[in-house]
Amino acid sequence: MAEKRKRTTFEDALQQLEASVRFLETEEVSLDDSLKHFEQGIRAVEKCRRHLNRAEGKIQKLLETPAGDFIKETMNVDIEDLIGGQKDFE
Amino acid sequence: MNSSHGSDLFFDPPALRSIPYSVSEINSGIAAVLKNAGEVLFVTGEVVSIKEAASGHVFLRLSDTASYIPAVIWRWARQGIEHLPTEGDTINLIALLRVYERGGYYQLDIRNLWNAGAGDMRRLLQKRKEKLEQDGLFDEKRKKAIPDYIETVGVITAERSAAFHDIYSTLKAGASLVNIIFAPAPVQGERAPEKLKNALEALMGDSAVDIIIIGRGGGARDDLMAFNDEDLVRCAARSTVPIISAVGHEIDNTLLDLAADYRTATPTAAAELIVSKISGLELLYQEYIQRFALMARERLRRKFQEFYTLSSSAALANYIKRSVRMKDRVADQKSRLIRSFDRELAREVDTLKELEHRLDRANPLNILKQGYALVLDSRNNTVTTSDDIKENDRLTLRFRAGSATARIENVIRG
C-alpha cells in the first residue's frame with residue numbers, strides 16, 4: 001500500500017539518523033567509521049527533510065459531483081468566516 | 001385579531017388589516033388557537049432526551065421515530081410524578097398542548113406520566129449493536145494504531161461547522177505543516193448516513209490520507225443517529241486508514257465510536273491527539289539533528305588531534321627519519337587529508353546549519369515556545385490521554401528549554 005510505504009520511509013530515515021548519532025556518540029570509533037556514519041547521517045537528514053517538505057499545510061476540499069464522484073479543490077480557509085459562521089453544532 | 005368580518009380565518013388577511021402583526025401577536029394568537037385544540041391529551045412517545053434545568057423544570061424531547069415534539073414538566077408538576085423517565089424509555093402521559101410564546105414553539109405541558117418500557121429506538125440500536133459486536137466490528141485487536149508520522153489528515157464533518165473550525169484551528173496552531181483534506185457532509189437528517197459514508201469512502205481511497213477524523217459537535221442523542229447507521233459503521237470498520245471518531249456527546253457511545261480505531265469526546269480532542277503525535281516525532285527528530293551536529297564536530301576534531309599527536313610522537317619521528325621519502329609522503333597525505341577534511345567538514349556543517357535553520361523555521365514545535373509542554377512517561381512515550389497514567393506515576397515535562405519531572409496526584413479519566 002502506498003501510504004504504508006510512505007510512513008515507513010520517514011521512520012526508516014529517522015532510525016538511520018538515530019543509528020548514526022548513537023554510533024558517533026560511542027567512544028571508540030575509527031576515523032573511517034566516523035566519516036561513514038557522518039555521511040549516512042547527512043543522507044538520513046536529507047531524506048527526513050524531503051518528507052517534511054511534503055507536509056506543507058495544504059488545505060483541500062472534496063466536492064461531490066452530481067454523478068457521485070469526488071473532485072479535489074484547493075480550499076481557502078478564512079478563519080474569520082469560520083468563526084462568524086454557524087456555531088450551532090450543525 | 002379575531003376576524004369580525006365573518007371569515008373562517010383566525011388571523012385577518014392583509015386586505016382587512018393595514019397594521020402588520022407583531023411577532024408576539026402571532027405567537028399569542030397561535031397559543032389561543034391551540035388552547036381550543038383540546039383540553040387534556042393522552043399521548044405516548046419515546047424519550048429521546050431529558051434534561052433537568054437548575055430551575056427544577058424538566059425539559060424533554062419525545063419521538064415516535066418519525067416525528068418529534070418538545071415537552072416540559074414544570075417544577076410544581078413534578079411532585080405528582082413518581083419516577084422521571086430516562087432516555088430511551090417509552091412513556092404514556094397526560095398533557096396540555098401549549099405554545100411557549102417567547103420561543104415561538106409548541107410543546108406538551110406534562111401533568112402526569114407512566115413508564116411503558118424500553119422504546120423502539122433504543123431496542124433497535126441495542127439489536128444492531130449486538131449484531132455488529134458478533135461480527136467482530138468492535139474487537140480491540142482489529143483496531144489500528146494512530147501512525148506516528150502524519151502528513152495528511154482527512155476530515156469529515158459538516159460544512160461551515162464549529163466542529164471543522166475547531167479541528168482546523170487546533171491543527172494549524174499545533175502542526176501548521178500538516179495537510180488537510182476536508183470532505184464536508186451533513187451530520188444529521190435523512191441523507192446524512194449516506195453522505196457521511198460517501199465522504200468516508202472517498203478519503204479511504206485517497207492514498208495521501210494518513211488518518212481520518214469523522215465527527216460533529218455535541219448534540220442530544222436523537223441528533224447522533226447518523227453515527228449509528230449500520231452501513232456507515234461497517235464502512236469505517238473496513239478502512240485500512242486509521243479512523244478517529246469525534247462525536248461530541250456526554251452519555252452513550254455511538255456505534256461509530258465503538259468501531260473506530262480511536263474515539264475522542266470532541267473534534268478538538270481529535271485534532272489535539274494528532275498534534276501531539278506529530279510534535280512527539282518532530283521533537284525526536286530535532287533532538288537527533290542537534291546531537292548529530294554536535295557529535296560530528298566533536299568526533300572529527302578529536303580525530304585531528306589524535307593525528308597531530310601521533311605524527312609528532314617519537315616512534316613516528318624515528319620512522320620518518322628513516323625515510324625522507326616516507327616523510328614527504330606522510331606530510332603529503334597529511335595535508336591532503338586535512339584539506340579534504342576541512343572542505344568536507346565546512347560543506348557538511350554548512351548543510352547541517354542550513355537544515356537546522358530551515359527545520360527550526362518550519363518546526364511545529366514552536367508551540368513549546370508558547371508555553372505548552374510535552375508530557376513523557378517513564379519510557380519516553382508521549383502521554384496524550386489520562387488513560388495511560390495512574391496515580392504516583394512519574395512523568396517528564398518537556399519545555400522549550402529544559403525539562404522537569406512531576407508526580408501524578410490525581411487522574412481524571414477523559
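Visitor: Which residue stands opposite Thr44(B) in strand 4 of chain B?

Guide: In this predicted model, strands are DSSP runs of E with at least two residues and helices are runs of H or I with at least four, both numbered from the N terminus. Strand 1 (residues 41-52) of chain B and strand 4 (residues 89-100) of chain B run antiparallel and are joined by 6 bridges; two strands pair if DSSP finds at least two bridges between them. Opposite Thr44(B) in strand 4 of chain B stands Asn92(B).

Visitor: What pLDDT do local features need?

Guide: Residues are numbered from 1 along each chain as its sequence is written, while chains are lettered from A and ligands numbered from 1 in the order in which they are written. Side-chain values use heavy atoms, with hydrogens and water left out; in this predicted model totals for chains, interfaces and linings use all residues, side-chain atom pairs count only at pLDDT 80 or more, and local features need pLDDT of at least 70.

Visitor: Which residue in the turn between strand 1 and strand 2 of chain B has a positive phi?

Guide: Strand 1 of chain B also runs antiparallel to strand 2 (residues 58-63) of chain B, over 6 bridges, and Ile50(B) has Leu60(B) as its bridge partner there. The two strands form a hairpin with 5 residues between them. The residue in the turn with a positive phi, about 100 degrees, is Gly56(B).

Visitor: Which strands stand at the edges of the 7-stranded open sheet?

Guide: The sheet takes strands from both chains, in the order 2(A)-1(A)-7(B)-6(B)-8(B)-9(B)-10(B), with mixed pairing. An edge strand has a single partner strand, so one side of it is left without a neighbour in the sheet. The edges are strand 2 of chain A and strand 10 (262-263) of chain B.

Visitor: Which residue of chain B stands opposite Lys61(A)?

Guide: The sheet crosses from chain A to chain B between strand 1(A) and strand 7(B). Strand 1 of chain A and strand 7 (residues 179-182) of chain B run parallel, joined by 3 bridges. Lys61(A) stands opposite a residue in strand 7 of chain B, namely Phe182(B).

Visitor: What area do chain A and chain B bury between them?

Guide: Contact (heavy atoms within 4.5 Å) takes in 57 residues from chain A and 63 residues from chain B. Buried area is the accessible area, for a 1.4 Å probe, that two parts lose on being put together, summed over both. Carbon and sulfur atoms carry 63% of the total, which is about 5500 Å².

Visitor: Which residue of chain A forms a salt bridge with Lys195(B)?

Guide: A salt bridge is a side-chain nitrogen of Lys or Arg within 4 Å of a carboxyl oxygen of Asp or Glu. That rule finds 4 salt bridges across the interface of chain A and chain B. In one involving Lys195(B), the closest N and O atoms are 3.2 Å apart, and the residue of chain A is Glu64(A).

Visitor: Which helix of chain A gives the most to the side of chain A that touches chain B?

Guide: The interface has 15 residue pairs in polar contact, both residues at pLDDT 80 or more; a polar contact is a pair of N or O atoms within 3.5 Å, where within protein one must be able to donate a hydrogen and the other to accept it, and residues adjacent in sequence count only if both atoms are side-chain atoms. Elements of chain A that each supply at least two residues to this side include helix 1 (2-25), helix 2 (31-54) and strand 1 (59-64). With 16 residues, the element that gives the most is helix 2 of chain A.

Visitor: Where in chain A is confidence lowest?

Guide: pLDDT is the predictor's confidence in each residue, from 0 to 100; chain A averages 74 and chain B has a mean of 83. In chain A, pLDDT stays under 50 over residues 1-5 and over residues 83-90. Where pLDDT is low, the predicted coordinates should not be read in detail. Strand 1 of chain A has the highest mean, 88, and the lowest, 52, belongs to helix 3 of chain A.

Visitor: What ipTM does the model score?

Guide: At residue level, 76% of chain A scores at least 70, and 86% of the residues of chain B reach 70 or more. The model has a pTM of 0.58 and an ipTM of 0.72.
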